[in-house]
Structures are given as C-alpha cells and as structure tokens.
Amino acid sequence: MTIEPGNPPTPPPPPTAPPPPPPLRREGHVLVLSGRFDPTADLVVEELNRRAVPVFRADLAEFPVELSLAASFDGVAWTGSLRSDRRELDLGAVRSVYYRRPTRPRFPAGMSPPARRVAEREARLGFGGLLAALPCRWLPPPGPAADAEYKPLQLRVAAECGLAVPRTLITNDLAAARAFAADVAGPVVYKPFGPVRGVLDGESVAVYASVVDPTELDDPAITTTAHLFQEAVPKAYECRLTVVAGRVFAAEIHAGSDAARVDWRRDYDSLTYKICDPPPPVTRGVLAMLDTLGLPYGAFDFVITPVGEWVMLEVNPSGQYGFVEQATGLPIKAAIADYLEGVT
C-alpha cells in the first residue's frame, strides 16, 4: 500500500472496553455444560456436590432431542427453563456456568443434510445465544475462550505481557519453511494449531508436537494448509501452570522418555511432577495475559531451559488439570468450585 505524503493512514479505532462483569451470585444452580464422559468436569461436579451446591449438568448434544428449552424476554430479563426427562432448570436461578467442552447438538436421524446445517446454526444462535444472555459468571466465557484458542494471538499477547516465547513461523510456503529452519540453525518443531485426533486403520491416532527433519520441509503437503513451526527450545523440564481467578498453581513436569521429552502428552506413564513457585515476572505475565484475553482460567505450558529461562508455549482456556492435581495434591478443583459457587 502506498501512502501519499501529508496523508497519514487513518488510525485504527481504540479497542472496545470489555463489558462490566455480571453481579456475583451466591445462590442458585451451577450449570455445567460438558460431554457426558468428561472426568475433568466430574471432579468439579463432585466438589460442588460435596459442598451441597445445586448442579444442573447437560451436554449441548442433548438438544433438541433430550433437552428442551422455553424462555421469554419481558423487556428486562430472560425467564424460562431447560428441561430433560429427569430434571428442570430455572434459567433465572443460574449462579454460574462451567463451560467444559460440550459436544455439538444432535438432531433427528431422518433430517436432511441441508436442514441439519440450518438447525445447527439456529441452535447455536438461539440456544447458545440464550445461555450467553444469562447474567452470571462463566468459566471460561465461550467467546473469549474461542478467541484465545488462536495460537498466533496467544503468542502476541504473551510477548506483550512480558513472557518469553519461541521464534515461530506460520506458512504454507516451502521456501519460507526452509529459510526459517536455516535461520534457526537448530532443531525445528512442528505442532498442530489445535487437537488432531481420529481413527486410522481401526486404531486411535493423534498428532503431537514433533521435531522436523530438514528434508521434510520439502514435503508438498506443507503447501496444502497453514503449518506452525517453532524453534525447539532446550528443556531442563516443563511446567503446567494453572490459573483460576488469579490463583496460580504450578507443577514441574519431568519427562522420563525420549518421546515425552519432545511432547509430554506422548508418554504420561514416564512423567514425574513437583510443585514449584514460578518466578514473579512469570506470574505477573500470565495474570496480565489472562486479563487481556478476558479469561478467569488458563492452563499454561512452559519450557524451563537449562539456564532457568521460562518460555511459554501456549495457554489452553479450558485445559485439563486433573492429572496435575492427582499427582501433586494442588487444590485446583476446589479453586474452580470456589469461583463457580461465588466464594471468590
């Protein structure tokens, strides 16, 4: 773009201030939206049950066949209910929502593909929009959580908040990939932008972070979509740092196998854990990052180099924590329950 002298470009509008938080409620139900098989959500539900906090659990997949809704707006507030064949929830009595990876709505088997697409869109905008209109706190709020899934955004915000991040390339250009590897002059890691899981030849498979051989950067498959390459950060160990409403829980992760040293999710059985205290600048950085992203919760992954530098790889706005709590005793589910109950 050419800019003529004396005609500076129009500056972008200032960012819109986030809406004020909804009023804190200390009574009513916690609405848990999660898949039916979710051990991570189970831990929170069990803790809320122990506290005698009423819980209504549902999966979006239950709508519209197993879950019905009826709500009306009187010019002031939405009132109505969600109803299953066993229970009913007064939407006006929801104190908080735990949004923990619910699955997509399921529709009647005889519905045509075009009708199904329309029905899914209407369910998202109608049912999802109604839930978003509830004046209560969410963990995490689905809009900011969806934005925070973008790794390019994560890296930019992390750097702006003072956190170290790896040199990174996003490309579908073979020449750019080769040039990046030559500039790094060391190991390069490929990682998917989001979880990649499926079934191949009857077996469950997943794509994890992997070290890339330079010869693989001539693969024409790179041109077919966006790929993320990073410099491989030397590791002494890693850290899963979980933040819940400003409370920080950190655990070192020590890998006991070659596979786990590249990506510890490849070999959970080889891992050992130790509670740790992150350096104050790291704590300030992750809290600032979540504040910028509008999130009360985040599960951060850090590499700690042999010289003690903390390098952030990513943050998951709805990441798992159960394996860390089980191994270390860190009271993460209690902190989540505090937030949902309205204690904090």
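Me: What makes residues of helix 9 count as buried, and which are they?

Reply: Buried means under 20% relative accessible area, with a 1.4 Å probe and protein chains only. In this predicted model, the residues of helix 9 that meet this are Ile 332, Ala 335, Ile 336, Ala 337, Asp 338, Tyr 339, Leu 340 and Glu 341. Helices here are DSSP runs (H or I, at least four residues), numbered from the N terminus. Local features need pLDDT of at least 70, side-chain atom pairs count only at pLDDT 80 or more, and totals for chains, interfaces and linings use all residues. Residues are numbered from 1 along each chain as its sequence is written, and side-chain values use heavy atoms, leaving out hydrogens and water.

Me: Why is helix 9 called largely enclosed?

Reply: Eight of its ten residues are buried, so helix 9 is largely enclosed by the rest of the structure.

Me: How do you know which residues of helix 1 and helix 9 make the contact?

Reply: Contact means heavy atoms within 4.5 Å. Helix 1 (residues 39-50) packs against helix 9 (residues 332-341). Leu 43, Val 44, Glu 47 and Leu 48 of helix 1 meet Lys 333, Ala 334, Ile 336, Ala 337 and Leu 340 of helix 9.

Me: What makes residues of this contact nonpolar, polar or charged, and how many are there of each?

Reply: Ala, Val, Leu, Ile, Met, Phe, Trp, Tyr, Cys and Pro count as nonpolar, Asp, Glu, Lys and Arg as charged, and the others, Gly among them, as polar. The contact therefore divides into seven nonpolar, no polar and two charged residues.

Me: What follows helix 9?

Reply: Gly 342 does, with a positive phi near 100°.

Key:
Axes are lines fitted to C-alpha atoms, for helices over the stretch in contact, and angles run from 0 to 180 degrees between N-to-C directions. Helices (H or I, at least four residues) and strands (E, at least two) are DSSP runs, numbered from the N terminus. Buried means under 20% relative accessible area, exposed over 50%, partly exposed in between (1.4 Å probe, protein chains only).
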